[in-house]
Amino acid sequence: MDVTFLIDSLNDTQRQAVTAPSKSMLILAGAGSGKTRVLVHRIVWQIQVEGLSPHSILAVTFTNKAAAEMRERIEKLLNIPTRAMWIGTFHGLAHRILRRHAQQAKLPDTFQILDSDDQLRVIKRLLKSMSIDDKKWPPRQVQWFINAQKDEGLRANHIADTGDYFVKQMLVLYKAYEDICNRSGLVDFAELLLRAHELLRDNPDLLHFYQRRFRQVHVDEFQDTNTIQYAWLRLLTEGQDNLFIVGDDDQSIYGWRGAKIANIFSFQKHYPNHEIIRLEQNYRSTGNILHAANKLIAHNSNRMGKQLWTDAGEGELISLYSAFNEQDEAYFVVERIKQWIEKDGLKQDVAILYRSNAQSRQFEERLMTAAIPYRVYGGLRFFERAEIKSSLAYLRLLSNRNDDPSFERVVNTPTRGIGAKTMDSLRDLARSEEISLWDASTALLKQDFFTARASNALKKFLQLINDLEFLCEELELFEKVKLVGEKCGLIELYKKEKDDRGEARIENLEELVNAARGFDYHADNEENLNELDMFLAHASLESGEMQGANSDDCIQLMTLHSAKGLEFKQVFMVGLEEGLFPSGQSVDDIARLEEERRLCYVGITRAMEQLYISYAESRRLYGKETYPSPSRFLREIPAEFTQDVRIRANITQPSAKKQSASLASQSTYRAGQKVSHPKFGTGLVLQIEGEGKQEKVQVNFNGGRKWLMAAYARLEIL
DNA sequence: TTGTTCCAGCTTTTT
DNA sequence: GCTGGAACAA
């Protein structure tokens, strides 16, 4: 068979990775080195050359987007449908396994997925019902604890009671939370993984079945796997030496949510026959950008080690801009973007990358005044919007009456006279009898427990759900979604809202109907789900890059985290200040600081042609003026790869020269000097900090002490 | 039940 | 300094 099309477009190391005989392999793939290409070609190689059935391929990613891209590219190369291949996210695949073997996993057939928002609600309810002070035990912290345990593969009864007050309380809550989930038939994200792991571990027959089925297991972004994910991979590949992992330890930026770079080291130990291949040739960035990235990341210890290189030439120097404040920074960036656009650059090739979402504001305002279209990534996803979640909650109740969070969510939305008192009674009974709110409702109604008014209201709600199920029975999925939206009263509710928010919500509900209409359902799905349940699972597992539909040419604004995996011709990495980037909360801990550095490395390596790095000498943060010092990462990028930019004079000069010059410069101010300021009047200089452009002077005016930027304050020495 | 006021908190995010 | 949530009043 002619397979030249598979290997012709690859470089030597890529080809080596793709064509290696079947065994465990670790592909250390640097940024922009073609890792997805290797993964895709490897899979196709195994099918076309090694003769593997598509059926025996397992490929795992972290995001739906990555999974979709992989599937698409394989399909293009193979020219056959890829449905037989298990390509998906850890969560998606775990969900599939649990559906197929719900009974063995000790789950009801109707089990539903609890997303993190719902999870938090459940925990809040739980704290209330146990009369626990949520000031002392913040629900978010409880949620974090539970998820962290599950990510480590630990159940409440696995955790040693050390007598520690905190752990003791957390364990009580963990147990109580698990009871609720089991009673309601709910599985949270971490539980999907944990349950799937336990299912395979405790059912050898099942495990052997899957081990035999998956002849090759491929993992993308392996550096992001957590303990339970790696444990799951190990079970599936036990004794088979068939784990093919692709990753980059230098791009591990999710340690804070449980990812373990150490899994890469464990892999080397657990799969002694493995081969390591480094992909170091970069096809994305110019030389200067790569040198800077290499030098920066070299400051980290505990690396596998890698040097990116390119044969594309050195390209432009990296531009550094020292802004007066955050507004000046935004002004500068937008000016440069204007120039880019004037030279016929596409807006979608430009990205502004920041450490924290709050930083987007300045840039949005500036872009808005400049009438440049932009798009901010992050924020609420489609399926996470309140109106969508409410609508879905009705649908979920149709499938599973015991879904308490959904019951809580919509029982009085729109308001139908079921108030706090009624709900308290229901919750009490549900808790003491260990039944669902739905069952508690029917029980209390039977006993004539409520006043006539409450009783009628509640009866009407139960009736509504039952009626809806009956009415929906014969309908197409999108008709069901439409009908529920109309009958449950959400649309009327939003029509009443004054501002155009209500209108937007109604539009979203209509969009949900469209999503249902376009939903790609296969009756022979491996999850054994009917169409509605499949749609609901889809909504939870894939909260929806519906925003991706917006393909207009616009400037991209996003956090450094969300930029991973993307590339742009022109990149602005902004806010390079101590306390902001690296985050003030990470500087005391070497491991966390190194993660910040990796984040910076990710940022630099997003740039293909032009990279601008900026910082502000003064920044308003939480309503207070701050004077951060430039980020340590700036010092870690050698000056030979950078140039300083002055926007006002529009002069650039090499950083190296400027630095030596500024070392010699001396302050014109001295403590004790009398100075005058156009706005604050006269005062005495108290102290001086920094030098050159960053020089700050503290002056004691009549109105109080003030820190001023010497270069801008227009102080006059008296 | 809705609107107002007060108060804490304030990286990063996918599933 | 802004936001979201909770507590409170009408």
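Me: How many residues of domain 1 are in contact with domain 2, and what makes such a pair count as a contact?

Reply: In this predicted model, ten residues of domain 1 are in contact with ten residues of domain 2, where contact means that heavy atoms lie within 4.5 Å. Residues are numbered from 1 along each chain as its sequence is written, while chains are lettered from A and ligands numbered from 1 in the order in which they are written. Local features need pLDDT of at least 70, side-chain atom pairs count only at pLDDT 80 or more, and totals for chains, interfaces and linings use all residues, with side-chain values taken over heavy atoms and with hydrogens and water left out.

Me: How do you know where domain 1 and domain 2 begin and end in chain A?

Reply: Their bounds come from an automatic or database domain assignment, which gives chain A domain 1 (4-101 + 194-281) and domain 2 (112-184), as well as domain 3 (318-381 + 543-645), domain 4 (384-539) and domain 5 (656-717). Taken over C-alpha atoms, the centres of domain 1 and domain 2 are 32 Å apart.

Me: What area do domain 1 and domain 2 bury between them, and what makes it count as buried?

Reply: Buried area is the accessible area (1.4 Å probe) that two parts lose on being put together, summed over both, and for domain 1 and domain 2 this comes to about 790 Å², 42% of it on carbon and sulfur atoms. On the side of domain 1, the residues that lose the most area to domain 2 are L194, R195 and T227, which together account for 45% of what that side buries.

Me: Why is the pair K260 and E152 called a salt bridge?

Reply: The term requires a side-chain nitrogen of Lys or Arg within 4 Å of a carboxyl oxygen of Asp or Glu, and the side chains of K260 and E152 meet at 2.8 Å, N to O, so the pair qualifies. The rule finds two salt bridges across the interface of domain 1 and domain 2. Side chains of opposite charge can pair when their charged atoms come close.

Me: Which elements give two or more residues to the side of domain 1 that touches domain 2?

Reply: Across this interface there are five residue pairs in polar contact, both residues being at pLDDT 80 or more. The elements in question are α5 (90-100), α9 (189-202) and α11 (227-237), numbered from the N terminus as DSSP runs (helices are H or I of at least four residues, strands are E of at least two). Among these, α9 gives the most, with three residues.

Me: What makes K564 and D224 a link between distant parts of the chain?

Reply: The side chains of K564 and D224 meet in a salt bridge at 2.7 Å, N to O. K564 sits in the loop between α25 and β13 and D224 in the loop between β6 (216-219) and α11, 340 residues apart. The structure holds 45 salt bridges.

Me: Which residues are closest to DNA strand B, and what makes a residue count as near the strand?

Reply: A residue is near a strand if one of its heavy atoms lies within 4 Å of it; 26 residues surround DNA strand B, and the closest are R355, R381, T559, R592 and Y622. Sugar and phosphate account for 53% of the atoms of this strand that come within 4 Å of the protein.

Me: Why is the approach of R592 to a base oxygen of DNA strand B called a polar contact?

Reply: A polar contact is a pair of N or O atoms within 3.5 Å (within protein, one must be able to donate a hydrogen and the other to accept it, and residues adjacent in sequence count only if both atoms are side-chain atoms). An N or O atom in the side chain of R592 is 2.4 Å from a base oxygen of the strand, so the pair meets that limit. W256 has a side-chain N or O atom 3.3 Å from a base oxygen of DNA strand B, and H561 has a polar side-chain atom 3.4 Å from a base oxygen.

Me: Which residues surround DNA strand C?

Reply: They are R361, R620, Y622 and G623. A polar side-chain atom of R620 lies 2.8 Å from a phosphate oxygen of the strand, whereas for G623 a polar backbone atom is 3.4 Å from a sugar or linking oxygen.

Me: What kind of peptide bond joins F581 and P582?

Reply: A cis bond, with omega about 10°, and P582 lies in the loop between β13 (568-573) and α26. T413 and P414 are also joined by a cis peptide bond, with omega about -5°.
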